[in-house]
Amino acid sequence: MSTEEAPETPICSGKGCRAAAVWVLAWNNPKLHTPERRKTWLACDEHRDHLTLFLDARGFLKDVVRLEDWQEPAS
């Protein structure tokens, strides 16, 4: 399978990280988003705690789910 045909591997949202994502961090900023809206960051095992703490400290974090278990909310 060529690079063009291979599915894109989700990458961690940690600054400068190129590791494969394992976690989905669902969040929203209540000043900008409706309550049901979910933005997502992806995290590898190494950056999960850091990104979770960052979002949680701001009151943005809604859920942390393994990537293979993540289901996009219905629109």
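N29 sits in the loop that runs between strand 1 (23-27) and strand 2 (39-43). Keep in mind that you're looking at a predicted model. Besides that loop residue, there's a set of aromatic rings to look at, with 3 aromatic pairs in the structure, and a couple of arginines that lie over rings.

**The loop residue N29**
- Is N29 buried or exposed? N29 has a relative accessibility of 13%, so it counts as buried, the cut-off being under 20%.
- The side chain of N29 has a polar atom 2.9 Å from the backbone nitrogen of K31.

**Aromatic rings**
- The structure has 3 aromatic pairs. Take W27 and F60: their ring centres are 5.9 Å apart and their planes meet at 20°, so this pair is stacked. The angle cut-off for stacking is under 30 degrees.
- What does the W27 and F60 pair tie together? W27 belongs to strand 1, while F60 is in the loop between helix 1 (45-57) and strand 3 (61-66), so the pair ties together parts that are 33 residues apart in sequence.
- W27 and F60 are both buried.
- Now for the bigger picture: which residues do the ring pairs link into a cluster? They're W27, W41, F54 and F60.

**Arginines over rings**
- F54, one of the cluster's residues, has the charged end of R58 sitting over its ring, 3.6 Å from the ring centre.
- Over at W23, R66 lies over the face of the ring, 4.9 Å from the ring centre.

Technical notes:
Residues are numbered from 1 along each chain as its sequence is written. This is a predicted model: local features need pLDDT of at least 70, side-chain atom pairs count only at pLDDT 80 or more; totals for chains, interfaces and linings use all residues. Side-chain values use heavy atoms; hydrogens and water are left out. Helices (H or I, at least four residues) and strands (E, at least two) are DSSP runs, numbered from the N terminus. Buried means under 20% relative accessible area, exposed over 50%, partly exposed in between (1.4 Å probe, protein chains only). A polar contact is a pair of N or O atoms within 3.5 Å; within protein, one must be able to donate a hydrogen and the other to accept it, and residues adjacent in sequence count only if both atoms are side-chain atoms. Rings of Phe, Tyr and Trp (its six-membered ring) pair if their centres lie within 6.5 Å; planes under 30 degrees apart count as stacked, over 60 as edge-to-face and the rest as tilted. A charge sits over a ring if NZ of Lys or CZ of Arg is within 6 Å of the ring centre and within 35 degrees of the ring normal.
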